[in-house]
Amino acid sequence: MKHADETVFFWINGLSDHVSWIDEIIRTLSCDLFLPVVMIIALIAVWFSGRNIADRTKNQYGVICSLASMGIANLLVFICNGVLPDRLRPFEAFPDKVNLIFYPPTDPSFPSNAAAASFALAIGLWVYNRKLGYILSIPAIIISFGRVYIGVHYPLDILGGLALAILATGIVMVVIKLCRPVLDRLLNLMRKIYLA
Amino acid sequence: MDGYVGSWSFVAEYCVYVFIAVIGLMQIIAAKWELRGIAFFHAKKWGYTFGSVAIAGVFIWFFGFTGLDLKEPTFDTPPQLLWLAVSVVLALLVTFGVSSFVNRNMKPTAEPDETQRDGIEVLKRKTYWQSIARFFDKGGTR
C-alpha cells in the first residue's frame, strides 16, 4: 500500500518542475487563497439562487450542510493529527527526490486538510443538489491533484481527506435531520430580514 | 505579524479581494434572479458586466499584482476563515446600502399574496432598506 502510494506520488510529482508556467498555474490552484475562495463565493451564489421558495430552501440547506461538513471535516483532521502517528510530508521523507514547488507546510501529511475541507464543501452540497455538488467537486479534485503535484501530499493523504469529508457529511446529515425544526426556524428568521 | 503574508497589508489585500469578488457576485445574482432592489444598475446586462469585470479584475489583481509569493506560508485556516467572513458580511452590507441608495426612488410594491415566507423574493419589488424599514415599522411581524 505504502509502496503503491509512493509510486503514484512520484509519478504525479514528477510531472512538475518542467514547465514553469504550468507549475505557476497549479501552485495557484492548489493554494488556500484561490479555489477555496471560489467555492465559498459559489456557495453564496447558491444561497440566493432558486426559481421558487422550495428550490431556494433546498439550496440553502445544501449550503448549510456544505459549510457544516467543512467545519466537522476540519475538526476530524485536527483529531486525526492528535491521535494518529505523524506521517512525514513527502518533501521531508525524500528531501532529494521530491519537487517541492510550494511552501513547506509543518503539520502532518495524513490526512490532507485541504482535500477534507474542499471535498466536504462539495459533498455537503451534493446531498441537496446533485448537479451543483458535481460542479463544486471539480475544484476539490483540482486542489487534491495539485497538492500531490506540488509535493506536499501523498495520494493516500488525499483519500484520507476524502474519507473524512464523507464521514463529516454523514455526521452533519444526522444532525440536520435531528435539528430540522430549529433550522427551519432559523431560515424563517432570516427570511423575515430578507437574508434567505 | 511577521513577513509579508502575515502582515496587515496582506490581510487588507485579502479582504479587498474577497470584498470586491462578493460585490461583483451579488450584482450577477441580482441580474440573474431579477432582484431589482439590490441591483446597482437598471439594465441586467450592466449587472452581468460589472459583476464579471469586478470578479475577474480582483482575482487578476490579487494573484498578479500584490506581490503574493505562494512559496511563502500564507494564512492558517482560522484567521483566513475569520477575514473571509468579515469581508463577505461587509460586502453584503455595502451591497444592500448602495443599492438602497441607488434605487431610493423605486416605488415599493407588494404582491397580493406576499407573506413572511417570501424572504429575498421581496427584493424584486423593494430595496433592502424599504423592506427592512417596513419590517421594523410593523414591530418585526411585517
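Let's start with helix 9 of chain A, where a quick ruler check works nicely. At 1.5 Å a residue, the 13 residues of this helix should span 18 Å, and because its end C-alpha atoms are 18 Å apart, expectation and model agree. Keep in mind that this is a predicted model. After helix 9 of chain A comes A:Tyr194, whose phi is positive, near 60 degrees.

Now step back to see how helices of chain A pack on one another. Take helix 6 (residues 113–128) and helix 7 of chain A: their axes are 7 Å apart, and the packing angle is about 170 degrees. Angles over 145 degrees count as roughly antiparallel, and helix 6 and helix 7 of chain A are therefore roughly antiparallel to each other. On the helix 6 side of chain A, the residues in this contact include A:Ala114, A:Phe119, A:Leu125 and A:Trp126. On the helix 7 side of chain A, among them are A:Arg130, A:Tyr134, A:Pro139 and A:Arg147. Sorted by class, this contact has 14 nonpolar, four polar and two charged residues.

Helix 7 of chain A (residues 130–149) also meets helix 2 of chain A; here the axes come within 8 Å and cross at roughly 120 degrees. Helix 2 and helix 7 of chain A are therefore oblique to each other, and the crossing is left-handed. From helix 2 of chain A come A:Ile26, A:Leu29 and A:Ser30, which meet A:Ile142, A:Ile143, A:Gly146, A:Arg147 and A:Tyr149 of helix 7 of chain A. The class count for this contact is five nonpolar, two polar and one charged residues. If you are following along in the viewer, look for A:Ile143 and A:Arg147: they take part in the contact with helix 2 of chain A, and they also appear in the contact with helix 6 of chain A.

How do helix 4 and helix 8 of chain A pack? Their axes are 8 Å apart, and the angle between helix 4 and helix 8 (residues 155–178) of chain A is about 125 degrees. That angle makes helix 4 of chain A oblique to helix 8 of chain A, and their crossing is right-handed. Helix 4 of chain A contributes A:Cys65, A:Ala68, A:Ser69, A:Ile72, A:Ala73, A:Leu76 and A:Val77. Residues from helix 8 of chain A include A:Leu164, A:Ala168, A:Thr169, A:Val172 and A:Ile176. By class, this contact has 14 nonpolar, two polar and no charged residues.

Next, turn to the partner. Chain B has four helices and zero strands, so to read its elements from the N terminus is to read α-α-α-α. Of the 142 residues of chain B, 31% count as buried. Among contacts in chain B between residues at least 6 apart in sequence, 69% join residues at least 24 apart.

Finally, where do the two chains meet? The contact takes 21 residues from chain A and 29 residues from chain B. On chain A, helix 2 (20–30), helix 3 (35–47), helix 4 (53–83) and helix 9 (180–192) each supply at least two residues of the side that touches chain B. Helix 3 of chain A gives the most, with five residues. By class, the side of chain A that touches chain B has 14 nonpolar, three polar and four charged residues. Helix 9 of chain A, our starting point, is thus one of the helices that supply residues to this side.

Note on methods. Residues numbered from 1 in each chain as written. Chains lettered and ligands numbered in written order. Predicted model: local features only at pLDDT ≥ 70, side-chain atom pairs only at ≥ 80, totals over all residues. Contact = placed C-beta atoms within 7 Å. Nonpolar A, V, L, I, M, F, W, Y, C, P; charged D, E, K, R; others polar. Axes fitted to C-alpha atoms, helices over the stretch in contact; angles between N-to-C directions. Parallel < 35°, antiparallel > 145°, perpendicular 65-115°, else oblique. Left-handed = near helix turned anticlockwise from the far one by under 90°. Buried ≥ 20, exposed ≤ 12 C-beta atoms within 10 Å, placed from the backbone. Expected span 1.5 Å × (residues − 1).
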